[in-house]
Amino acid sequence: MTAIYKREVRSYFFSMIGCIYAFVVLLVIGLMFLFTNLLGGYPYFAITIANWLFLLVMVFAVPFLTMRSLAEERRAKTDQMLLTYPVSVSKVILGKFFAMVTVYAVPLIISCLIPLIISWDSAGAGSLMIDFSAILALICLGFLFVSVGMFISSLTESQVIAAVLSMGVLLLLFLWSDLVSLLPQTAAASLIGFFIILLILLFILYQLSHNATTTAAVGLGGTLALFGLLLFGRGLLPGLLNKILGIFSVTETINNFSSYNVFDLKGLLFFLSFAALFVFLTIQSVSKRRWS
């Protein structure tokens with residue numbers, strides 16, 4: 001895994017993708033630092049890197065890191081060579097994943113100098129703990145973003161398709177809270193929403209396993225659970241879908257760190273656990289091709 005990690009990190013910087021990514025992100029950070037902290041006089045760097053503009057830049061920048069991770073390997077047929085390495089598929093995927101996370105984190109780690117500058121310039125008016133916690137939250141968010149992009153890249157041979165789909169999914173995550181707030185909170189809406197989610201999960205399960213029996217068993221269990229909820233927990237249904245979907249808001253966790261100065265450990269665990277889930281799905285997607 002270490003050899004693959006080093007190979008991938010070198011490839012990102014030798015191909016200039018990593019350099020261009022770091023330059024663009026640092027440029028945006030520098031401009032926002034200039035206008036918000038230096039000219040605006042705001043003593044906290046956390047609010048600078050956690051506002052909607054910077055997060056939107058990351059939504060469109062991260063797919064350029066992940067689009068070639070597996071899609072290019074499939075297009076050039078070099079994935080066959082990777083799959084015949086004397087290492088497991090999981091180590092190959094993890095090596096690529098941590099390499100992309102490293103490239104993602106480089107400009108954020110460099111930006112750790114800015115809170116020190118603010119603290120020195122404002123005679124301690126800012127808070128290093130708040131600023132560094134916000135940077136940590138963005139790095140953990142990068143684990144999630146990179147894992148989503150890598151999973152999508154494993155599904156196609158086209159870098160363009162992988163980039164566009166990744167941007168769409170990450171933009172959906174960025175707008176998640178606003179979209180969830182638009183959903184009706186009636187019992188019927190919650191039930192229909194849960195049924196749609198069940199169908200999506202069954203589709204993903206079948207695509208990964210191609211096992212109709214397992215998919216049917218999971219579908220039957222999920223359907224019975226929904227009917228049980230309808231019969232015995234009808235009073236819980238109104239607004240239940242909104243509450244559950246609201247848990248997956250990424251902007252709320254970032255706002256807790258930057259706006260409310262709360263160290264949201266639950267949010268960080270959400271980022272890391274779902275990143276692990278998408279890495280697992282990527283491993284399954286690649287393993288399916290290895291034995292097909």
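Which element of the protein chain has the lowest mean pLDDT, and which the highest? Let's start there, since what we have is a predicted model. The lowest mean, 62, belongs to helix 6, residues 79-83, and the highest, 93, goes to helix 9. For the protein chain overall, pLDDT averages 86, and 91% of the residues score at least 70. A quick reminder: where pLDDT is low, the predicted coordinates shouldn't be read in detail.

Okay, on to helix 9, which runs from 128 to 153. Helix 9 packs with helix 10 at an angle of about 140 degrees, and their axes sit 9 Å apart. That crossing is right-handed. So who's touching whom? On the helix 9 side we've got Leu-144, Phe-145, Val-148, Gly-149, Ile-152 and Ser-153. Helix 10 brings Ala-162, Leu-165, Ser-166, Val-169, Leu-170 and Leu-173 to the contact. Sorted by class, that contact has nine nonpolar and three polar residues, with no charged ones.

Now, the pockets. The largest one has a volume of about 1700 Å³. It's lined by 45 residues, and the closest to its centre are Ile-197, Ile-200, Leu-201, Ile-204 and Phe-278. Quite a list of helices supplies at least two lining residues each: helices 9, 10, 11, 12, 13, 14 and 16. Helix 12, spanning 187-209, gives the largest share, with 15 residues. What's the lining like by class? We have 36 nonpolar residues, six polar and three charged.

Then there's the second largest pocket, with about 200 Å³ of space. Its lining is made up of Gly-246, Ile-247, Ser-249, Glu-252, Thr-253, Asn-256, Asp-264, Lys-266, Gly-267 and Phe-270. Helix 15, residues 250-258, and helix 16 each put in at least two of those. Here the split is two nonpolar, five polar and three charged.

If you're looking at the structure right now, try finding helix 16, residues 265-290. Helix 16 supplies at least two residues to the lining of the largest pocket, and at least two to the lining of the second largest as well. That's my tour, thanks!

Technical notes: Residues numbered from 1 in each chain as written. Predicted model: local features only at pLDDT ≥ 70, side-chain atom pairs only at ≥ 80, totals over all residues. Heavy atoms only, no water. 1 Å grid on protein atoms, 1.4 Å probe; cavity = no way out; pocket = protein on both sides within 12 Å on 5 of 7 lines; lining within 4 Å. Points joined across faces, edges and corners; volume = space filled by probe spheres on them. Helix = DSSP H or I, 4+ residues; strand = E, 2+ residues; numbered from the N terminus. Nonpolar A, V, L, I, M, F, W, Y, C, P; charged D, E, K, R; others polar. Axes fitted to C-alpha atoms, helices over the stretch in contact; angles between N-to-C directions. Left-handed = near helix turned anticlockwise from the far one by under 90°. Contact = heavy atoms within 4.5 Å. pLDDT = per-residue confidence, 0-100.
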